[in-house]
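Got the viewer open? Load the model, pick a cartoon view, and keep the selection box handy for the stops below.

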Amino acid sequence: GRVGAILQNPDFGTRHQGAGKTMVIDYSSPNIAKRFHVGHLGTTVIGNAIKNLHAFCGYRCVGINYLGDYNRRLAELSAQAVQGKALRAGDMSPTGAFLAPLGDVSFEELVDIYVRFSDESEKEPSLNDQARAAFAELERGNEEYLAIWRYFKEISLREYMKTYELLGIEFDSFDGESFFTDKMP
């Protein structure tokens, strides 16, 4: 009957009203060094559904994952690593300074570092000054800081990709906040 006719017609329900048009959709957009959480899941799934619906209607769809990849907390993590200070739980001094070398860092450790720095900076406000100075180094293009920041971004993206692959979600761009650094002036 009617259901069979619908199933046999892959274009059923579209008038191709998007033909020749482009739709840019920004969705998901987690902050690197932080866990992918239920709020991201909602926007990711809804954004992907909107993208699929528009593609079905003939639009050329561009999916953008505008990552939160450029902030003071990440700069502070970079600063700690550049200074040869540890980023691992249990390697912190009582004052909040990190003491051992960086080494390889897992995503879970990166999240823990991010949270610990946030907690420690409330107790020791001078850490916020260090974070501001480190962020200025990133903005100036200090390659040592940038290399570590790229490493943290890579760790985060590898983790997020597990979720995206599980959900069958793809993006055309992962350019985040950092993309606009050289365009701000």
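Start with a surface over the whole protein: about 10300 Å² is exposed, and carbon and sulfur atoms supply 56% of that. The areas come from the Shrake-Rupley method with a 1.4 Å probe, and for residues only the protein chains shown count as cover. Before you click further, know that this is a predicted model, where local features need pLDDT of at least 70 and side-chain atom pairs count only at pLDDT 80 or more, while totals for chains, interfaces and linings use all residues. Residues are numbered from 1 along each chain as its sequence is written, and side-chain values use heavy atoms, with hydrogens and water left out.

Now colour by burial. Of the 185 residues, 38% count as buried, where buried means under 20% relative accessible area, exposed means over 50%, and partly exposed is in between (1.4 Å probe, protein chains only).

Switch back to cartoon and walk along the chain. You'll pass six helices and two strands, in the order α-β-α-β-α-α-α-α from the N terminus. These are DSSP runs numbered from the N terminus, with helices (H or I) of at least four residues and strands (E) of at least two. If you like contact maps, look away from the diagonal: among contacts between residues at least 6 apart in sequence, 72% join residues at least 24 apart. Contact here means heavy atoms within 4.5 Å.

**Stop one: the strands**

Select residues 22-26 and 60-64. These are β1 and β2, which run parallel and are joined by five bridges; two strands pair if DSSP finds at least two bridges between them. Show sticks for V24 and you'll find V62 of β2 opposite. Do likewise with D26, whose opposite number in β2 is I64.

Add residues 38-56 to the selection. That brings in helix α2, which makes a right-handed β-α-β unit with β1 and β2. To check the hand yourself, point the strands away from you: in a right-handed crossover the path from the first strand over the helix to the second runs clockwise.

**Stop two: the cysteines**

Why does a search of the whole structure find zero disulfides? Select C57 and C61: the sulfur of C57 is 9.0 Å from the closest cysteine sulfur, in C61, and that is too far for a bond. The cut-off for a disulfide is a pair of cysteine sulfur atoms within 2.5 Å. Both residues are tucked away, C57 being buried at 16% relative accessible area and C61 buried at 14%.

**Stop three: the rings**

Next, show all Phe, Tyr and Trp side chains. Their rings (the six-membered one for Trp) pair if the centres lie within 6.5 Å, with planes under 30 degrees apart counted as stacked, over 60 as edge-to-face and the rest as tilted. By that rule there are 11 aromatic pairs. Zoom in on Y70 and W149, an edge-to-face pair with centres 5.8 Å apart and planes at 80°. Y70 sits in the loop between β2 and α3 (72-82) and W149 in helix α6, so this pair ties together parts that are 79 residues apart in sequence. Both Y70 and W149 are buried.

Then hop to Y164 and F171, another edge-to-face pair, at 4.9 Å centre to centre and 70° between the planes. Y164 is buried with a relative accessible area of 0%, and F171 is buried with 11%. Widen the selection to Y27, F36, F107, Y160, Y164, F171 and F174 and you have one aromatic cluster on screen.

**Stop four: along α6 and α4**

Select 143-167 for helix α6 and pick out K153. Is K153 buried or exposed? Despite the charged head group you might expect to see outside, look at the number: K153 is buried, with a relative accessible area of 16%. Leaving aside neighbours within four places in sequence, K153 touches I32, L67, D69, F174 and S178.Now go to V105 in the loop between α3 and α4, buried at 6% relative accessible area. Draw a C-alpha distance from V105 to Y151: the two are 46 residues apart along the chain and separated by 9.3 Å.

Finish in helix α4 (residues 107-123), where you'll find V115. V115 counts as partly exposed at 41% relative accessibility. Measure across to K34, which is 81 residues away in sequence and 8.6 Å away in space, C-alpha to C-alpha.
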